[in-house]
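Welcome! Please take a moment to look over the sequence and the model, and then let us walk through a few parts together.

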Amino acid sequence: VDLVADGAIAAGKPVIITSGGKAAQVAVANIAYGPSNGSNWEANSSGYESHHIAQDGTNTGWVVAAYGDDTSSSQRVRLRAHNFSTGSSGSEVHLTSTQGFSSVGRLSGIFYCTTRQMFVFSWVSQYNSSSSSTQFGTFTLSNSGVITFQARTTDSGKRTHDIEYAGNGKFFSVYRLMSNDAARIAGPHTINSNGTITLNSSELDFITWNNSPATHIGRLRFNSDYSKFVIGYTRTSNYNAYARVGSWNGSGGAASGMSLGSELNLSGSGISGYDWQSGFDLCCEKTSGKWVASYGFSSGSKAKCITNSSGTNIAAGSQLSIDSENADGRFRIHDNPTVNNVVTWAGRYTSGFGAINLTISGTNTLSKGTMYQMVGNSPSEHGVGITGLDKIYVINRNDGSNDVKIYRVTVAEAGSNFTSSQRNFLGFAEDAISDGNTGTIKLDGNVVANQSGLTAGTLYKVNNDGTLTGSWGSNEVGLL
């Protein structure tokens, strides 16, 4: 049979037929499953608020737990690193008035900057009052887990909801201006080599000033090349979740380099579980360039896939029910780092604290896998953070025991582009076929050339990576 190649196919290699009717060489592909909990680590046995987590983008074995205390008179931000590959842990670092964190507050974001090889976090002082202000902090992490604080930069009068890395040592912040309730994107701010932040005053409103109802929480997530983003947020008076697609020219400030499309109501009224940094979350699935938003009702946790076909237009698929438990906003969602078209949700569900994979198919359809229980207790308030470069890492504080724990969650396993029943196996390409070109695939009953090292009369099986070995089993793809 003659088919168009989906990717290059080498001579003599086994071939599958794709869902689009093309031929593809048999190859290793990670497969989403479970998830399952690989291990967990206790960062602190006491109860602290506003938990966040980030993975080191250079030495990916290390993750940093960040948690804040909004009641102590001397301890504001706490940081501690752990290496899940070696089992090593660093000492806890307290950032207090000595480093300029002198008012009660809470964390609102953390990320790793690959350009500067340092972490950036945002801390909102007086978060529950009209005098809120943001402190951006930076720190480095050594190969032995030692955290070294670098610098603090103040962004006055702003209650920062989110910070999002934009490449090349820059980031944007999403905040609520306390003087008039405007909701804005600001930046890009520059991370300097000494850890200070050069603030960019360029700003773009996604809710205009004095436009009641005000935003409660905002999330900004870029696609893989930072050219497009979605800003998602909730309004406090009608308890609805909204989203807008935006574009960025890669260099200009928010006011001149960004443009926003129209507002889309994602949820309708009735979102519940509002609290600091909870009630709504958003991620971008970087391979497909699609976004997934999650929010909660009294009837449980929900999600929708958001798409952008051109310009700044926006569309969303049908609402998916993740779980019937009211999560009270205690959840987060993150791009699955190892499997295309999959994101991972973690948070409160009917049996405690769990994680589940959501798969994107078609234009904007979501489906769910099986929930995995990480612990029987639910996360406490402000209790969930999630990150991942090679695995998913989740941080929470358990109800019933105030321990702050990180869970390493395995969300994929090595597999093949075979289907589970091998029914998409087609045959062999005798000659090489380049991507997009048409070539001949020899089916069952044909003789295939371009094979070597095989013994006549022996059964061989096709492995996940497309190689052939003996000892064929009855449930495997084989040949004589």
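Which residue in β12 is the bridge partner of F139? The answer is F149. Keep in mind as we go that this model is predicted.

That pair belongs to a broader pairing: β11, which covers residues 133–141, runs antiparallel to β12, and eight bridges link the two. Both strands are part of an open sheet of four strands, with antiparallel pairing and the order β9-β10-β11-β12. At the edges you will find β9 (105–113) and β12 (147–155), each of which pairs on one side only. Direction ignored, neighbouring strands in this sheet are turned by 20 degrees against each other on average. As a general point, the strands of a sheet pair through backbone hydrogen bonds, in either a parallel or an antiparallel way.

Let us stay with F139 for a moment, as it also leads us to the largest nonpolar core. This core has 19 residues, and F139 is among those with the most contacts inside it, together with V77, L79, F121 and I147. Elements that give two or more residues to the core are β6 (62–68), β7 (77–83), β8 (93–95), β9, β10 (118–125) and β11. L79 is a good place to zoom in: leaving aside neighbours within four places in sequence, L79 is in contact with A65, A66, S91, E92, V93, L95, F139 and I147. There is also a second, separate core of 18 residues, which includes F172, V174, I185 and F206. In soluble globular proteins, nonpolar side chains tend to be buried together.

Now move along the chain to S267, in the loop between β22 (264–265) and β23 (280–285). Is this serine, S267, buried or exposed? S267 counts as buried because its relative accessibility is 13%, which is under the 20% cut-off. Not counting residues up to four places away in sequence, S267 touches Y239, N240, A241, Y295, F297 and Q319. With A241 there is a particular link: the S267 side chain reaches the backbone nitrogen of A241 at 2.8 Å. Another serine, S294, is 27 residues from S267 in sequence, and the two are 9.5 Å apart in space, C-alpha to C-alpha.

Finally, look at β37 (residues 438–442). Strand β1, residues 2–4, runs antiparallel to β37, and three bridges join them; here V4 stands opposite T438. Strand β36 (residues 425–429) is also antiparallel to β37, joined by two bridges, and F428 has K442 as its bridge partner in β37.

How values were computed
Residues numbered from 1 in each chain as written. Predicted model: local features only at pLDDT ≥ 70, side-chain atom pairs only at ≥ 80, totals over all residues. Heavy atoms only, no water. Buried < 20%, exposed > 50% of the residue type's maximum accessible area, 1.4 Å probe, protein only. Contact = heavy atoms within 4.5 Å. Polar contact = N/O pair within 3.5 Å; in protein donor to acceptor, adjacent residues only side chain to side chain. Pairing = 2+ DSSP bridges. Axes fitted to C-alpha atoms, helices over the stretch in contact; angles between N-to-C directions. Core = buried A, V, L, I, M, F, W, Y, C linked by side-chain atoms within 4.5 Å.
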